[in-house]
Amino acid sequence: MKDYYQITEVAKLYGLCTDTLRYYEEQGLLHPRRSESGYRLYSIDDICNLNVIRALRTLDMPVEHMRQYFESQRVETTLHMLDEQDEIIRQRIGELRSVRRSVEARRQRLSRYAAQKEGELQILELAERPCLLLQENVILEQQIDFALKKLAHRHENLLRSLGTHCMGAVLDEEKRLAGDYTHYRSVFYLGCKKQDADGRIDAGTYASTFYKGEYRQLNDVCTQLFAQLETLGYLAKGPVMELYHIDAHDTADPSEYLTEVQLRIQKKPEADDVGFQQKSV
């Protein structure tokens with residue numbers, strides 16, 4: 001066994017570039033001696049230290065902490081360092097489990113909605129839905145993504161995993177009644193806990209229908225939806241909402257977009273003896 005190894009040998013052994021070894025030396029983590037020709041020569045102690053450095057780097061331990069450890073390296077400090085490593089590993093396992101839950105939730109959402117039929121009217125009884133809400137005087141159609149980004153930035157600790165929360169927007173009812181389907185009054189994220197919410201969508205009876213493709217179809221979709229509701233004897237009790245189940249975050253093909261239109265409704269008094277008294281969304 002050799003007593004010393006040249007920098008190229010050590011770099012090849014560990015799959016590192018020589019600049020990385022020089023950096024560790026500059027930071028006081030390695031202490032190679034110099035040959036008469038000026039070449040760096042690494043001892044077995046340097047090799048042992050490099051093994052420890054690589055293990056600590058996988059846990060993102062700062063170089064300063066490594067230096068402090070090497071300066072007082074004993075069994076006691078090694079046990080303390082292992083306790084710190086164990087805590088970091090536990091935290092990472094928790095983070096990875098959370099990420100995996102988000103991945104699985106997104107997979108289930110896409111699998112569920114990819115086969116969703118469009119154009120079918122459903123009447124749903126929905127409980128109150130807590131949400132994260134951003135209201136502004138006017139949100140134009142082309143500004144929805146920016147508004148949702150503003151809302152996500154405000155709640156980035158709650159919305160770290162894109163795709164696990166359903167995004168939506170509420171049309172400006174006054175503009176819609178005038179035939180303008182390009183103005184919105186708020187955007188929201190569903191799926192948050194009630195204690196984290198700063199808004200809500202009221203419980204009640206809702207009409208729901210889906211359409212695929214680009215958003216410019218909304219006018220036609222709503223025209224058909226209101227005609228169906230009129231035939232069934234329902235009145236609108238709230239503004240039109242869009243829920244974006246599959247969008248540009250999931251596909252670059254607009255024909256694969258899937259949007260749900262929801263509208264709070266109640267039976268016309270003459271069509272049903274039981275009236276509904278609900279606040280609008």
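These are my notebook entries on a predicted model, covering its sheets, helices, cores and a few single residues.

**Ground rules**

I number residues from 1 along each chain as its sequence is written, and my side-chain values use heavy atoms, with hydrogens and water left out. Since the model is predicted, local features need pLDDT of at least 70 and side-chain atom pairs count only at pLDDT 80 or more, while totals for chains, interfaces and linings use all residues.

My helices (H or I, at least four residues) and strands (E, at least two) are DSSP runs, numbered from the N terminus. I call two strands paired if DSSP finds at least two bridges between them.

**Entry 1: the three-stranded sheet**

I looked up an open sheet of three strands, and its order is β1-β3-β2 with antiparallel pairing. The edge strands are β1 (5-6) and β2 (33-34), each pairing on one side only. Between β2 and β3 (residues 40-42) I found two bridges, in the antiparallel sense. Arg34 sits opposite Arg40 of β3.

Next I checked two residues of β3. Arg40 lies in this strand. Its side chain makes a polar contact with the side chain of Glu25, at 2.6 Å. (A polar contact is a pair of N or O atoms within 3.5 Å; within protein, one must be able to donate a hydrogen and the other to accept it, and residues adjacent in sequence count only if both atoms are side-chain atoms.) Not counting residues up to four places away in sequence, Arg40 touches several others, among them Tyr5, Arg22, Glu25 and Pro32; contact here means heavy atoms within 4.5 Å.

Leu41 is in β3 too. Is Leu41 buried or exposed? Leu41 is buried, with a relative accessible area of 15%. (Buried means under 20% relative accessible area, exposed over 50%, partly exposed in between, with a 1.4 Å probe and protein chains only.) Leaving aside neighbours within four places in sequence, its contacts include Tyr4, Gln6, Ser35 and Asp46. I also took one long span: the C-alpha atoms of Leu41 and Gly94 are 42 Å apart, with their positions 53 residues apart along the chain.

**Entry 2: the eight-stranded sheet**

Another open sheet has eight strands in the order β4-β9-β11-β10-β6-β7-β5-β8, with antiparallel pairing. β4 (122-126) and β8 (199-201) have a single partner strand each, so one side of each is left without a neighbour in the sheet. From one strand to the next, the twist averages 35°. (Axes are lines fitted to C-alpha atoms, for helices over the stretch in contact, and angles run from 0 to 180 degrees between N-to-C directions.)

I then went to β11 (residues 258-267). Nine bridges join it to β10 (residues 234-246), antiparallel, and seven bridges join it to β9, also antiparallel. On the β10 side, Glu242 stands opposite Val261, and Tyr244 has Thr259 as its bridge partner. Ala207 faces Leu263 of β11.

How many residues of β11 are buried? I get 10 of the 10, so β11 is largely enclosed by the rest of the structure. Leu258, Glu260, Gln262, Arg264 and Gln266 point one way, and Thr259, Val261, Leu263, Ile265 and Lys267 the other. That fits the general rule that in a regular strand the side chains alternate between the two faces of the sheet.

**Entry 3: helices**

Helix α5 (residues 75-114) lies across β9 (204-212), β10 and β11, at about 120° to β10. Helix α8 (residues 218-232) packs on the sheet as well, touching β4, β6, β7, β9, β10 and β11, and its direction makes about 30° with that of β11.

The axes of α1 (residues 7-14) and α2 (residues 18-26) come within 9 Å and cross at roughly 105°. These two helices are therefore roughly perpendicular; angles under 35 degrees count as roughly parallel, over 145 as roughly antiparallel, 65 to 115 as roughly perpendicular and the rest as oblique. Ile7, Val10 and Ala11 of α1 meet Thr18, Leu21 and Arg22 of α2.

**Entry 4: cores**

The largest nonpolar core has 30 residues, and those with the most contacts inside it include Ile144, Tyr184 and Val261. (A nonpolar core is a set of buried Ala, Val, Leu, Ile, Met, Phe, Trp, Tyr and Cys residues joined through side-chain atoms within 4.5 Å.) Among the elements giving two or more residues to this core are β5, α6, α8 and β11. A second, separate core of 19 residues includes Leu21, Tyr24, Val63 and Met81.
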